[in-house]
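Visitor: Please take me through one part of this model in close detail. I would like to see how a sheet is put together and what packs around it.

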Amino acid sequence: MSLPRASLPLSLWSLLLGLGLALPWQAQAATPERVSYALIIANNASLDPKQAALRYADDDGARYYEFFAPQAKETVLLSVLDAETQARHPGLAARTQPPTRATLKESLTRLSSQMKQDREAGRQPVLYFIFTGHGQRGAAGEGTVSLLDGPFTRTDLYSQVITPSPASFIHLIVDACDSYFFVNARGGLPIGPAQTAAVTQHLASRELDRFPQVGVVLSTSSAQESHEWSAISAGVFSHQVRSALAGAADVNGDGRVEYSELTAFIAAASQGIEDVRGRLDIFARPPPLDRSAPLSDLGRSSGLGYLLVPEGTSGRMWVEDTRGVRVADFHKERERPMVVALPPDRSYFLRSAGRETRLTMSRAGAVVDAGALSWSASAVASRGPVEEAFRDKLFSVAFGPRFYSGYVASQGETPVAMNDGPDLSP
């Protein structure tokens, strides 16, 4: 249920004050208005006849679209949705275009024109460039991703997306085989599968260093096909990224998800996986221009609704809408509340092992307190060894300040400032 302001508990309003949500009377800092754009390419097909088509890249594209569309000035989806995906997302096919070189070029030209106007008006345009699908390296070691009518190479990425973009910041999110090589030159890396340690050591390539406004989030696995999970009809990496961006990774409750929070969240989510077929290798690097630049900023007026999972509620949980679309997974610590942003105008189930509760996100800006909902018994089935590994081990480690602090320290990164929220006591 949605709660009017007068009936919200003090603890909830304290959290929302910290997030800056639903409080139009708050004074805002004099910073440039942030305007976001999302260009999403999702392609099941491969240009290599030896590679089997993916099942869920188009589903991932559709879910990225539904997350960004309520909060971005314009969201573009280049994909061919299969019959199952069109059934889950009715009407979305009419808003997509095929992922070809021509449609990509046209989309980039149009978005660049709008971002130039934003900059001239004193706004700060931010571009999300997202790809989910097949990737590979050519004979010379240059990374490519598959469009319908040909490869889109690392050279294309720099010459068509990064170099000419007027965006103040660009966030590259790539879920594809060998995606490191799509962003970086070979350097001293071996020809074998990319490993996280090697990626970390060599990420500062000549090309990427020239663009300090660019941040990257990459799945560096060379076996991406095994990381699609049929129980949720999605790629595991992309699902983890979306869960993080929705707020599950916001460890300090400030409404922003920074790169260090996202990487720590995915590390916690994947820590319990022992089956090598389910392991993910990822890398994320924030834009050097501002290493605190948020990947997600839910404190803005975003067009999303908000689910509060209050302090005292803990354990592994997930949110699924009534179409069966899995929106977010997380393992919550008992000591802290959590806010998860959800597309409005639909109903959802919040589920945990053996129980569930239904909620309706009636409008943008609505807040639903999970602590006030009634739960009932449910059962969730899975099949196969990798399915069982994902079901039992993925998100098996609780994510919160304790895990985050240890993870960031082990990586030598600068942590986000912890925020206890404002004191609203008399």
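Guide: What follows covers one sheet, then the nonpolar cores. Keep in mind that this is a predicted model.

Start with the sheet. It is open and has 3 strands. Their order is 5-6-7, and the pairing is antiparallel. In general, strands of a sheet pair through backbone hydrogen bonds, either parallel or antiparallel. Strand 5 (135-137) and strand 7 (150-153) stand at the edges. Each has a single partner strand, so one side of each is left without a neighbour in the sheet. On average, neighbouring strands here are turned by 40 degrees against each other, direction ignored.

Now look at the pairing of strand 5 with strand 6 (residues 143-147). The two run antiparallel and are joined by 3 bridges. Gln136 stands opposite Thr144 in strand 6. Helix 5 (residues 154-162) packs on this sheet. The helix touches strand 6 and strand 7, and its direction makes about 65 degrees with that of strand 7.

Next, the cores. The largest nonpolar core holds 69 residues. Val217, Val241, Leu262, Phe265, Leu307 and Phe330 touch the most other members. Helix 10 (residues 259-270) gives this core its largest share, 7 residues. Apart from this core lies another, of 30 residues, with Tyr37, Met115, Leu127 and Val161 among them.

Finish at Phe330. Leaving out residues up to four places away in sequence, Phe330 touches Ala248, Phe265, Val309, Gly315, Arg316, Met317, Val319, Met338, Val340, Leu350 and Phe395.

Notes: Residues numbered from 1 in each chain as written. Predicted model: local features only at pLDDT ≥ 70, side-chain atom pairs only at ≥ 80, totals over all residues. Heavy atoms only, no water. Core = buried A, V, L, I, M, F, W, Y, C linked by side-chain atoms within 4.5 Å. Buried < 20%, exposed > 50% of the residue type's maximum accessible area, 1.4 Å probe, protein only. Helix = DSSP H or I, 4+ residues; strand = E, 2+ residues; numbered from the N terminus. Contact = heavy atoms within 4.5 Å. Pairing = 2+ DSSP bridges. Axes fitted to C-alpha atoms, helices over the stretch in contact; angles between N-to-C directions.
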